Amino acid sequence: MTVACLGGGPGSDVLGVLDYFMKYMADFKGQLDIQLYDRKDKWGPTWESLKTAMDAELHDPRVTVSFYDFDVTTAGKSKPDLQKADVITMHYFMEEVYSERERAEVKECFDHIIQTAKPGALFLYSGMYMYQVINWVHQLLKDNCELLTPDMELPGQPQKIYKDTSTGDWKWVSYAEVDLHQEGDLQLFNDIRDDLQTGGYPTEEVSQRFKGNVVYRLYRKK
Ligand SMILES: C[S@@+](CC[C@H](N)C(=O)[O-])C[C@H]1O[C@@H](n2cnc3c(N)ncnc32)[C@H](O)[C@@H]1O
């Protein structure tokens with residue numbers, strides 16, 4: 001199974017996938033290949049620290065983690081090979097590139113990713129409640145993917161609204177309440193905490209995201 005984390009930053013998404021894998025996939029017999037795509041000029045040193053920490057603490061022959069230099073705004077780095085990916089995550093990533101969405105390289109990048117993804121591949125979009133970004137992601141994916149998370153009101157479920165500009169309708173989007181302070185196993189994160197500052201990632205901002213609401217949507221490539 002291949003999980004590709006677009007805009008995976010210092011490795012937080014990788015740690016999330018690993019955490020889930022260790023807790024819930026003990027009986028998994030195959031290989032898990034986690035690929036992180038982000039800007040190496042920003043995160044290269046942090047990735048090295050993460051690799052060192054994983055080599056020391058993660059002893060599981062089923063798991064490989066690899067890092068790729070990726071920049072949606074730079075033609076030579078904006079065409080990742082995601083044809084094998086079963087899951088493509090975009091966690092707190094699309095909000096960061098939203099302001100560049102009209103650039104030709106950015107349009108080509110997302111077009112390439114969506115067109116070359118295999119049928120059945122899952123796109124997990126998650127992040128802040130920014131309705132413009134939710135709408136942009138939906139417009140990018142809607143023609144080639146099926147939305148699996150409901151966009152209708154579900155009583156008792158935490159949901160927020162956004163306007164779908166292709167139909168003019170107000171739609172619902174799910175969110176999860178996250179409180180990582182309750183987690184006891186953030187050792188790998190703590191190991192790379194100092195490097196986050198070097199990568200220009202304010203640790204206060206990371207701490208804020210320990211507790212809050214994460215909007216999410218799951219799409220499946222047709
Ligand atoms: C808010 S961080 C999220 C990182 C990680 N997914 C997380 O949740 O901790 C946004 C990420 O988008 C990346 N990013 C911003 N602009 C980018 C671009 N043009 N191409 C590729 N990645 C970019 C940043 O380097 C950063 O790692």
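Modeller: A residue counts as exposed if 12 or fewer other C-beta atoms lie within 10 Å of its own, and as buried if there are 20 or more. The model is predicted.

Colleague: Which exposed residues does helix 4 carry on the face turned away from its buried side?

Modeller: Start with the buried side of helix 4, which holds Cys109, Phe110 and Ile113. They lie on the same side of the helix because they cover an arc of only 85° around its axis. The face turned away from that side carries the exposed residues Ala104, Asp111 and Gln115.

Colleague: What helix is included in the cover over the buried residues of helix 4?

Modeller: The residues to be covered are Cys109, Phe110 and Ile113. Their cover includes residues 131-141, that is, helix 5.

Colleague: How far does helix 4 reach from its first C-alpha to its last?

Modeller: Helix 4 spans residues 104-116, 13 in number. At 1.5 Å a residue, 18 Å is expected. The reach in the model is close to that, at 18 Å.

Colleague: How many residues of the shell around the ligand are charged?

Modeller: The ligand is surrounded by 17 residues, with Gly7, Gly9, Ser12, Asp71 and Tyr92 the closest. Helix 1 (12-24) and helix 3 (94-97) each supply at least two of the shell. By class, five shell residues are nonpolar, six are polar, and the charged ones number six.

Colleague: What share of the protein's residues counts as buried?

Modeller: The protein has seven helices and nine strands. Of its 222 residues, the buried share is 28%.

Notes. Residues numbered from 1 in each chain as written. Predicted model: local features only at pLDDT ≥ 70, side-chain atom pairs only at ≥ 80, totals over all residues. Helix = DSSP H or I, 4+ residues; strand = E, 2+ residues; numbered from the N terminus. Expected span 1.5 Å × (residues − 1). Arc of directions from axis to C-beta. Contact = placed C-beta atoms within 7 Å. Near = placed C-beta within 6 Å. Nonpolar A, V, L, I, M, F, W, Y, C, P; charged D, E, K, R; others polar.
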